[in-house]
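Here's a quick walk through a single chain, for anyone who likes to know where the side chains end up. Have the model open while you read.

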Amino acid sequence: MAEDSRWTTFGLRCAAETGVHSLLALRLPVGGVAHAALNLYAPDLDAFTPADVVHGSALAALVIESHVRRADNTNLRAALESSRTIGMTVGILMTTYRAERETAFALLQSASMTLNTKLRDVAGEVADTGALPVPRPSRRP
């Protein structure tokens, strides 16, 4: 690192202050763009081989894939739960107002817009209380 022209100040200081003489930096492609890196440091000169680059890249790809799958799984579970709640709420509104499905959903959407609250949150309140929430009057001084 002390002799690498890409990191003249960093490389010299890192080698002198920490004893690190080799760095393997691998880009982590997140969403098709490199936003992160896996950096491996070693005290030996020329510590990393081309095989280390291959293995490190494979490890980095697995870490990113795991993270993306976990995030997708979390998002899908939340969407499924919201969908269930909204469906249940539409049924409650259909029964309460003796309305067709489209009308019940329109009531839910209207309440969401009027209250400036996410549809899933309004649906959750209806599911808990059995009634559409009403806007609170604004207090003006």
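What follows goes from confidence to the core, then to a pocket and a few individual residues.

First things first: this is a predicted model. The chain has a mean pLDDT of 88, with 94% of its residues at 70 or more. Confidence isn't even along the chain: H3 has the highest mean, at 94, while strand E2 (residues 33-42) has the lowest, at 81.

**The core**

So which residues make up the largest nonpolar core? There are 10 of them: Ile86, Val90, Leu93, Ala104, Leu108, Ala111, Val122, Ala123, Val126 and Leu132. Helix H2 (50-97), helix H3 (101-115) and helix H4 (119-129) are the elements that each supply two or more of these residues.

Alanine 111 makes a handy place to start looking around. Once its neighbours within four places in sequence are set aside, alanine 111 is in contact with Val122 and Leu132, and both of those are on the core list too.

H4 is worth a look in its own right. Its buried residues are Val122, Ala123, Gly124 and Val126, and the elements covering them include H2 and H3. Just after H4 comes glycine 130, with a positive phi near 85°.

From the H2 side, threonine 85 is the one to click on. Threonine 85 is found in helix H2, and it counts as buried because its relative accessible area is 15%, where the cut-off is under 20%. Leaving out residues up to four places away in sequence, threonine 85 touches Ala123, Gly124 and Ala127. Two of those names, Ala123 and Gly124, are also among the buried residues of H4.

**The pocket**

Now for the other end of the numbering. What lies closest to the centre of the largest pocket? Of its 13 lining residues, Met1, His21, Ser22, Leu45 and Asp46 are the closest to the centre. The space in this pocket comes to about 240 Å³. Its lining divides into 7 nonpolar, 2 polar and 4 charged residues.

One of those central names, aspartate 46, sits in the loop between E2 and H2. Its phi is positive, near 50°, and it isn't a glycine. Even with its place in the pocket lining, aspartate 46 is exposed, with a relative accessible area of 73%.

Alanine 15, in helix H1 (residues 8-18), touches another of the central pocket residues. Not counting residues up to four places away in sequence, its contacts are Ala2, Val20 and His21. Alanine 15 is buried, at 10% relative accessibility. Its C-alpha atom is 8.3 Å from that of proline 43, although 28 residues separate the two along the chain.

**Two more residues around H3**

Serine 110 lies in helix H3 and is partly exposed, at 35% relative accessibility. Serine 110 and threonine 74 are 28 Å apart, C-alpha to C-alpha, with their positions 36 residues apart in sequence.

In the loop between H3 and H4 you'll find asparagine 116. This residue has a positive phi of about 55° although it's not a glycine, and asparagine 116 is exposed, with a relative accessible area of 73%.

Here are the accessibility values side by side.

| Residue | Relative accessible area | Status |
|---|---|---|
| Alanine 15 | 10% | buried |
| Threonine 85 | 15% | buried |
| Serine 110 | 35% | partly exposed |
| Aspartate 46 | 73% | exposed |
| Asparagine 116 | 73% | exposed |

How values were computed:
Residues numbered from 1 in each chain as written. Predicted model: local features only at pLDDT ≥ 70, side-chain atom pairs only at ≥ 80, totals over all residues. Heavy atoms only, no water. Core = buried A, V, L, I, M, F, W, Y, C linked by side-chain atoms within 4.5 Å. Buried < 20%, exposed > 50% of the residue type's maximum accessible area, 1.4 Å probe, protein only. Helix = DSSP H or I, 4+ residues; strand = E, 2+ residues; numbered from the N terminus. Contact = heavy atoms within 4.5 Å. 1 Å grid on protein atoms, 1.4 Å probe; cavity = no way out; pocket = protein on both sides within 12 Å on 5 of 7 lines; lining within 4 Å. Points joined across faces, edges and corners; volume = space filled by probe spheres on them. Nonpolar A, V, L, I, M, F, W, Y, C, P; charged D, E, K, R; others polar. pLDDT = per-residue confidence, 0-100.
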